[in-house]
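Let's explore a protein model together, one question at a time. Keep the picture open as you read.

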Amino acid sequence: MDEKIGLIVSNNLKAKNTATALLQLYSATHVSVRFCANMPVVEDIKKFQDISRFIAVGGDGTCLRALRIAYEIANMKQSETAPSVFGLNCGHIGALSNPVGNIHELPMRFEEAMYLLAKPLSVKTTFRNKIIYHTFFNEVILRPYANITHLDISWKEEDRYRKTIRGGLMVATKIGENAMNACNYTGPEEIAPIPNDDYWRISTLNAMSNDTKCDKPFQRIVPASTTVLVNVINPYDDRNAQIMGDSYYNEGEEPLLDSQGDRIGTKVKMLFVDKIRITSAKYGVLLARERSRERE
């Protein structure tokens with residue numbers, strides 16, 4: 001059976017030129033290539049449900065888009081076999097992707113690359129029995145809107161932990177650490193590395209260490225099987241929390257773009273949130289990491 005490859009391409013010039021070279025390369029082969037640029041994710045899922053591999057040409061935002069589509073395809077099919085994602089860095093950081101290198105060597109590079117299983121964070125938010133689900137590949141960041149609002153956090157490792165903070169909370173995956181996420185803004189001075197994809201990092205964001213009612217800044221490395229529970233507390237008003245992440249949503253979208261127009265994330269404002277539950281998503285996506293990244 002011929003392999004079917006989907007191209008997810010950023011809007012910058014380098015990405016477009018690289019995509020043109022890819023289309024020329026595959027036009028002379030038996031591989032079926034489907035091109036996609038800026039259509040909504042729901043349309044991507046319908047169009048690419050028979051794709052076996054995605055090539056994401058752009059920055060980390062483009063790679064996250066490809067991961068999102070691959071995950072949604074696996075979720076739609078209820079299959080643990082999701083399309084794999086091979087990123088070609090035509091953006092800035094490129095933490096999730098690989099150097100463009102020699103396009104003609106791509107088939108060999110596909111075979112030689114390591115494929116890591118990336119499972120996104122599954123986030124369930126609740127207010128007055130209304131439930132909304134989201135998924136985040138890098139991290140989920142929770143921030144109270146008002147100074148009076150604080151987050152009551154609990155999770156379970158060997159024992160039950162419970163903390164109260166006002167500055168905000170971040171739960172990050174290993175992929176999120178590779179993408180240079182907001183861990184640089186956490187309370188603790190030293191950032192503990194996440195050992196592998198089987199662990200998360202839970203950390204505070206700019207916590208008020210002099211607030212006697214709340215715990216000091218902290219971070220923990222916990223297994224990815226951990227369930228994090230957050231109650232949003234505001235004794236004087238409706239409960240308010242802001243959720244920030246790296247993925248695409250059907251509602252409440254506010255896109256974040258870099259200087260080249262790449263979408264680097266989405267900030268979703270969730271008003272009147274009572275509770276937040278963070279777990280590991282059911283399905284994972286294979287993300288290619290080349291053993292040698294010295295081609296460029």
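**Rings, strands and a charge**

This is a predicted model, where local features need pLDDT of at least 70, side-chain atom pairs count only at pLDDT 80 or more, and totals for chains, interfaces and linings use all residues. Residues are numbered from 1 along each chain as its sequence is written, and side-chain values use heavy atoms, with hydrogens and water left out.

Q: Which residue in β14 stands opposite Asp152?
A: Strands here are DSSP runs (E, at least two residues; helices are H or I, at least four), numbered from the N terminus. Strand β9 and strand β14 (residues 228–233) run antiparallel and are joined by 6 bridges; strands pair if DSSP finds at least two bridges between them. Opposite Asp152 in β14 stands Asn231.

Q: Is Phe86 buried or exposed?
A: Buried means under 20% relative accessible area, exposed over 50%, and partly exposed in between (1.4 Å probe, protein chains only). Phe86 has 0% relative accessibility, so Phe86 counts as buried.

Q: How many aromatic pairs does the structure hold?
A: Rings of Phe, Tyr and Trp (its six-membered ring) pair if their centres lie within 6.5 Å; planes under 30 degrees apart count as stacked, over 60 as edge-to-face and the rest as tilted. Tyr71 and Phe137 form an edge-to-face pair, 6.3 Å centre to centre with 85° between the planes. Phe86 and Phe110 have centres 5.0 Å apart and planes at 70°, so this pair is edge-to-face. The number of aromatic pairs in the structure is 2.
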